[in-house]
Structure formats: structure tokens, C-alpha cells
Amino acid sequence: MYIQSAYRMDDEEKIRQEKRPFLEIRDSFEKIIVVRDRILPWRDENGILIMGLQDFLETWDREK
């Protein structure tokens, strides 16, 4: 699993910037971007999961 954190992803340029490192990795591991804001979790067309910090922590805690 690869996890990247971003303070915000407010515009298209910032979204591209945060996704860029993941797009260069050619494997099947889960890729997650965690943002500070509370947002609905969603997957982009490349399978990258974007989710808010609170949801990430709640999910992580349940999986332990």
C-alpha cells in the first residue's frame, strides 16, 4: 500500500501534482491520497483512492 498525504487538493493542477508520483509506479499495490478535509472517498480512473483524514483513520482503526 502506498499512502500520500496532501493538505488540500482544491484545483486540477494540485490534483495532478499529488497523483503524479503514483502514476509512475507500475504495480498492483493500493494507492491512497489522504487530504485534511472531510470528503467523500472516491477512486479516480487509475484506481487511486482519495479520502479525508478522518475516514482514513477510522478505516485504519477498524482493520487492526
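Author: Let's begin with a term: a residue is buried under 20% relative accessible area, exposed over 50%, and partly exposed in between, using a 1.4 Å probe and protein chains only. This is a predicted model, where local features need pLDDT of at least 70, side-chain atom pairs count only at pLDDT 80 or more, and totals for chains, interfaces and linings use all residues. Residues are numbered from 1 along each chain as its sequence is written, and side-chain values use heavy atoms, leaving out hydrogens and water.

Reader: Is tyrosine 2 buried, exposed or partly exposed, and what is its relative accessible area?

Author: Happy to help! Tyrosine 2 falls in the partly exposed class. Its relative accessible area is 29%.

Reader: How many aromatic pairs does the structure hold?

Author: Rings of Phe, Tyr and Trp (its six-membered ring) pair if their centres lie within 6.5 Å; planes under 30 degrees apart count as stacked, over 60 as edge-to-face and the rest as tilted. Tyrosine 2 and phenylalanine 22 make a tilted pair, 6.4 Å centre to centre with 50 degrees between the planes. The number of aromatic pairs in the structure is 2.

Reader: Which parts does the pair of tyrosine 2 and phenylalanine 22 tie together?

Author: Helices (H or I, at least four residues) and strands (E, at least two) are DSSP runs, numbered from the N terminus. The pair ties together parts that are 20 residues apart in sequence, because tyrosine 2 and phenylalanine 22 lie in strand E1 and helix H1 (residues 12-23).

Reader: Which residue of E4 is the bridge partner of valine 35?

Author: Two strands pair if DSSP finds at least two bridges between them. Strand E2 (residues 31-35) and E4 run parallel, joined by 4 bridges. The partner of valine 35 is glycine 52.
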